[in-house]
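Welcome, and please open your viewer. We will go from stop to stop together, with something to select at each one.

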Amino acid sequence: MKKNGFLTKVLVILLPFAALGIMYFIAKLVSENITFPECGFHKILNIYCPGCGITRAAEALARGDILLSLRQNAFPVFILTVGLMFYAELLFWVFGKRVRLPVHSLKFVYIALGFWGVYAVARNFIPAIAPI
């Protein structure tokens, strides 16, 4: 296996900082300049759809408020966690160690989809996890 060069290692280490900067800039741009309509699903049926609160959750996450993000919708935090797992694999690979985290297994996908289905229904009955 070919050893990764110094420049590759530096770029991989700097990658999350660049991603955070870009995400913060986009979140600030969206929150200041774009107004989204009400959720039609919630307006008509008076229940929360699986996507209700994702925009507010992503905005709160970009500001660093993880608890508010989880309160609005857990999906952005979940996606960030999965992304961090993939980044950890990349980081280990760049420094010469091969690590496979469970995000590649079908079992992980099925568990995540099951959790997401239960969460999407439960947030309509448990006020603590309903969006604000």
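Here is a short tour of this predicted model.

**Stop 1: helix α1 and a surface patch**

Start by selecting residues 6–33, which form helix α1. Within this helix, pick Phe-17. Is Phe-17 buried or exposed? With a relative accessible area of 58%, Phe-17 is exposed. Now add Ile-13, Leu-14 and Phe-95 to your selection: together with Phe-17 they make a nonpolar surface patch of about 420 Å².

Stay on α1 and move to Leu-7, which is also found in this helix. Leu-7 counts as exposed because its relative accessible area is 60%, and the cut-off for that word is over 50%. If your viewer has a distance tool, try it between the C-alpha atoms of Leu-7 and Lys-97: they are 18 Å apart in space, with their positions 90 residues apart in sequence.

**Stop 2: a loop with a positive phi**

Next, go to the loop between α2 (40–45) and α3, and select Asn-46. This residue is exposed, at 58% relative accessibility. Look at its backbone: phi of Asn-46 is near 60°, a positive value in a residue other than glycine. For context, most residues other than glycine have a negative phi.

**Stop 3: Ser-69 in helix α4**

Select Ser-69, which you will find in helix α4. Its relative accessible area is 0%, so Ser-69 is buried. Which backbone atom lies 2.9 Å from a polar atom of the Ser-69 side chain? It is the backbone oxygen of Ala-57. Leaving aside neighbours within four places in sequence, Ser-69 is in contact with Ala-57, Ala-60, Leu-61, Ala-74 and Val-77.

**Stop 4: Asn-73, between two helices**

Now step into the loop between α4 (66–72) and α5 (75–94), where Asn-73 is found. Asn-73 is buried, with a relative accessible area of 0%. Show its polar contacts. The side chain of Asn-73 reaches the backbone oxygen of Pro-50 at 3.0 Å, and a polar atom of that side chain lies 3.1 Å from the backbone nitrogen of Phe-75. To see what else surrounds Asn-73, leave aside its neighbours within four places in sequence; its contacts then include Gly-51, Cys-52, Ile-54, Trp-116, Tyr-119 and Arg-123.

**Stop 5: along helix α5**

Select the whole of α5 next. How many residues does α5 have, and how far does it reach? It has 20 residues and reaches 29 Å from its first C-alpha to its last, close to the 28 Å expected at 1.5 Å a residue.

Colour the buried residues of α5: Pro-76, Val-77, Val-82, Tyr-87, Glu-89 and Val-94. Then bring in the helices that help to cover them, which include α1, α3 (54–63), α4 and α6 (106–122).

Another residue to pick in α5 is Met-85. Met-85 is partly exposed, at 24% relative accessibility. Apart from neighbours within four places in sequence, Met-85 is in contact with Leu-101 and Val-103. A second distance to try runs from Met-85 to Phe-25: their C-alpha atoms are separated by 23 Å, and the two are 60 residues apart along the chain.

Finish just past the helix. Gly-96 follows α5, and its phi is positive, near 90°.

Definitions and conventions:
Residues numbered from 1 in each chain as written. Predicted model: local features only at pLDDT ≥ 70, side-chain atom pairs only at ≥ 80, totals over all residues. Heavy atoms only, no water. Patch = residues over 30% accessible without salt bridge, like charges linked within 9 Å, V, L, I, M, F, W, Y side chains within 5 Å. Areas by Shrake-Rupley, 256 points an atom, 1.4 Å probe, with all protein chains shown as cover. Salt bridge = Lys/Arg side-chain N within 4 Å of Asp/Glu carboxyl O. Helix = DSSP H or I, 4+ residues; strand = E, 2+ residues; numbered from the N terminus. Buried < 20%, exposed > 50% of the residue type's maximum accessible area, 1.4 Å probe, protein only. Polar contact = N/O pair within 3.5 Å; in protein donor to acceptor, adjacent residues only side chain to side chain. Contact = heavy atoms within 4.5 Å. Expected span 1.5 Å × (residues − 1).
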